[in-house]
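Biologist: I am new to this structure and should be grateful for a close look at a single part of it. Please take the surroundings of one tryptophan, and then place that part within the whole.

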Amino acid sequence: MRISVIGTGYVGLVTGTCLAETGNDVLCVDIDEHKVNQMKSGIVPIYEPHLDVLFERNIKASRLKFSTSLEKGLEHGDIIFLALPTPEDEDGSADLKYILGVADNIGKLITEYKVIVDKSTVPVGTSDKVKAAIAKNANIEFDVVSNPEFLREGFAVDDFLKPERIVIGASSEKAIKLMEKLYKPFVRSGNPIIVMDERSAELTKYAANSFLATKITFMNEIANFCEKVGADVDKVRVGMGTDSRIGKRFLFPGIGYGGSCFPKDVKALFKSGMDNDYEFGILKSVIEVNDSQKTILIPKIEAHFNNSLKGKTFGVWGLAFKPETDDIREAPSLYMIEELLSKGAKIKAFDPEAMPNVKNKFGDNIYLASDMYDATKDVDALIICTEWSIFRTPDISKLKSNMKAFNVFDGRNLYDVSDMKNEGFNYISIGR
Ligand SMILES: NC(=O)c1ccc[n+]([C@@H]2O[C@H](COP(=O)([O-])OP(=O)(O)OC[C@H]3O[C@@H](n4cnc5c(N)ncnc54)[C@H](O)[C@@H]3O)[C@@H](O)[C@H]2O)c1
Ligand SMILES: O=c1ccn([C@@H]2O[C@H](COP(=O)(O)OP(=O)(O)O[C@H]3O[C@H](CO)[C@@H](O)[C@H](O)[C@H]3O)[C@@H](O)[C@H]2O)c(=O)[nH]1
């Protein structure tokens, strides 16, 4: 099939590449000329495991092409995916200016039947707004489909190629048939294509993300309470998670959830609720608790250093909002660093992939280390913000010979508490 993807960020790039992989003829369109030129010359502009192999193979097979022209995108595809940003607006709602701006232009450019598919995460009712924006200028038949994306960064290729489910929100039989044909190769494992109305599809995405964010936040509160009463959150987690009604996943406490999705999506669902005369009490608490969780280590660090961090140097391991990505959007590490810098501390940071993205963020105020051990030289403490595998089994003797003092504040519970104590570290983690 002939597919166009408008917006070649994380979701657009993975969508375009994976749809090319199943034999479709894909044109990816982005307004960012630099990015388009990079992709034309074979460079994948994001770090995502396994994407590079598929990307290269499909470019070579001429199934994956790039352009900056929306007009070309509309000419090319029978199905037009919108994978545009829906960032947080000032009032917490999802900003629809990118989606509705492109929809407006589609209305001006469309000359034959197209299925316009919204892959971005958008509030309930957006598909009606997209329809109206296109219809304002177009006299041609078209359909709008809501097809939310559930991929996780770091596992995006696998999640797209072998999804647990595909949600299609549509009211046109013609569009539903086309979408089912397009996605047939991805549901070989028997996982369902779930067809529903557009509003339910739009809400499914927010409900899923908000539920997962709530699950993590609940566990973060249990961890905080464990510290008050001398319980071990690792034991509680396993004890709870083995109940299949609860499940083992997304129960890992830490320094809060981050990333380009959970923080903004929880806020957007809360705002949608308020706009529709419904206050999500649970989401209000999730937002508040997560905000304080991001810096939950700070009082512990301050207490250790007698409330004076001025002139102290901290090594920071992990800048990305989670492992296997270079994405630093809403990364808890950034809040930690900001807070430490404001208290007069110095930072030596290392991340296996995200360093280039942090380069311009704090200017000269932090030293970007050449490797994980370089970030521990002469530090008063090491702070762990992201659970990259490489941090799980450090060379302890190297650490000890580098660090000025043996203090480790672990926001991701990477190590065994008694092992660290036996090694002579003052080891502070979350909920243990
Ligand atoms: N990142 C994820 O893991 C993920 C997963 C599921 C859903 N989502 C949702 O998917 C949507 C896109 O997210 P993302 O992370 O891919 O965004 P992103 O910010 O990484 O990329 C968006 C891209 O759109 C381009 N763009 C902006 N305006 C454009 C225009 N007028 N024409 C063409 N291109 C334009 C930008 O240049 C950028 O390359 C959001 O709604 C997000 O919530 C994201
Ligand atoms: O037990 C856990 C699991 C996750 N996290 C944190 O939660 C955040 C989000 O993690 P994850 O869900 O793995 O990353 P994303 O790539 O943001 O994926 C989420 O957001 C995407 C965008 O909407 C959705 O498509 C995915 O289904 C959804 O998992 C990260 O900061 C993690 O550190 C925890 O603190 N504890």
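**A tryptophan and its surroundings**

Modeller: Trp 388 counts as buried, because 23 C-beta neighbours lie inside 10 Å, and 20 or more are required for that class. The model is a predicted one, and every value given here is computed from it. Trp 388 is placed in the loop between β12 and α16 (396-402). When its neighbours within four places in sequence are set aside, Trp 388 is in contact with Gly 318, Pro 323 and Pro 352. Asn 422 offers a contrasting case: Trp 388 and Asn 422 are 34 residues apart in sequence, and their C-alpha atoms are 23 Å apart in space.

One of these contacts, Gly 318, follows directly on strand β9 (residues 313-317), in which Trp 317 is found. Trp 317 is buried too, because 29 other C-beta atoms lie within 10 Å. Residues up to four places away in sequence not being counted, Trp 317 touches Phe 350, Met 372, Ala 375, Leu 382, Ile 384, Cys 385 and Phe 391. By contrast, Trp 317 and Asn 37 are 280 residues apart in sequence and 33 Å apart in space, C-alpha to C-alpha.

Two loop residues in this part of the chain call for a remark on the backbone. Most residues other than glycine have a negative phi. Asp 378, although not a glycine, has a positive phi of about 60 degrees. Its place is in the loop between β11 (366-368) and β12 (381-384). Asp 378 is exposed, because 11 other C-beta atoms lie within 10 Å and the limit for that class is 12 or fewer. Asn 413 likewise has a positive phi, of about 50 degrees, and is not a glycine. Asn 413 is found in the loop between β13 (407-410) and α17 (417-422). Unlike Asp 378, which is exposed, Asn 413 is buried, with 20 other C-beta atoms within 10 Å.

The wider setting may now be described. The protein is divided into domain 1 (2-196), domain 2 (205-293) and domain 3 (297-428), and Trp 388 falls within the bounds of domain 3. The C-alpha centres of domain 1 and domain 3 lie 38 Å apart. Five residues of domain 1 are nevertheless in contact with seven residues of domain 3. On the side of domain 1 that touches domain 3, three residues are nonpolar, one is polar and one is charged.

The nonpolar interior comes next. In soluble globular proteins, nonpolar side chains tend to be buried together. The largest nonpolar core has 73 residues, and those with the most contacts inside it are Ile 6, Val 14, Phe 81, Leu 82 and Ile 116. Helix α9 (residues 198-229) gives the most to this core, with eight residues. The core draws at least three residues from each of domain 1 (2-196) and domain 2 (205-293). Apart from it lies another core, of 42 residues, among them Ile 328, Ala 345, Ile 347 and Ala 354. As for Phe 81, its contacts beyond four places in sequence are Ile 3, Ser 4, Val 5, Ile 6, Thr 15, Val 117 and Lys 119.

Helix α9 also holds Phe 218. This residue counts as partly exposed, because it has 18 C-beta neighbours inside 10 Å and being buried requires 20 or more. Phe 218 and Pro 253 are 35 residues apart in sequence and 8.8 Å apart in space, C-alpha to C-alpha.

A pair of helices completes the account of domain 2. The axes of helix α11 (residues 262-275) and helix α12 (residues 281-293) come within 10 Å and cross at roughly 145 degrees. The crossing in which α11 passes α12 is left-handed. Val 266, Lys 267, Leu 269 and Phe 270 in α11 meet Leu 283, Lys 284, Val 286 and Ile 287 in α12. The residues of this contact comprise six nonpolar, no polar and two charged.

Finally, domain 1 supplies an exposed position for comparison. Glu 71 is found in helix α4 (residues 70-76), and it is exposed, because 12 other C-beta atoms lie within 10 Å. The C-alpha atoms of Glu 71 and Asp 25, which are 46 residues apart along the chain, are separated by 17 Å.

Key:
Residues numbered from 1 in each chain as written. Chains lettered and ligands numbered in written order. Predicted model: local features only at pLDDT ≥ 70, side-chain atom pairs only at ≥ 80, totals over all residues. Core = buried A, V, L, I, M, F, W, Y, C linked by C-beta atoms within 7 Å. Helix = DSSP H or I, 4+ residues; strand = E, 2+ residues; numbered from the N terminus. Domains from an automatic or database assignment. Contact = placed C-beta atoms within 7 Å. Axes fitted to C-alpha atoms, helices over the stretch in contact; angles between N-to-C directions. Left-handed = near helix turned anticlockwise from the far one by under 90°. Nonpolar A, V, L, I, M, F, W, Y, C, P; charged D, E, K, R; others polar.
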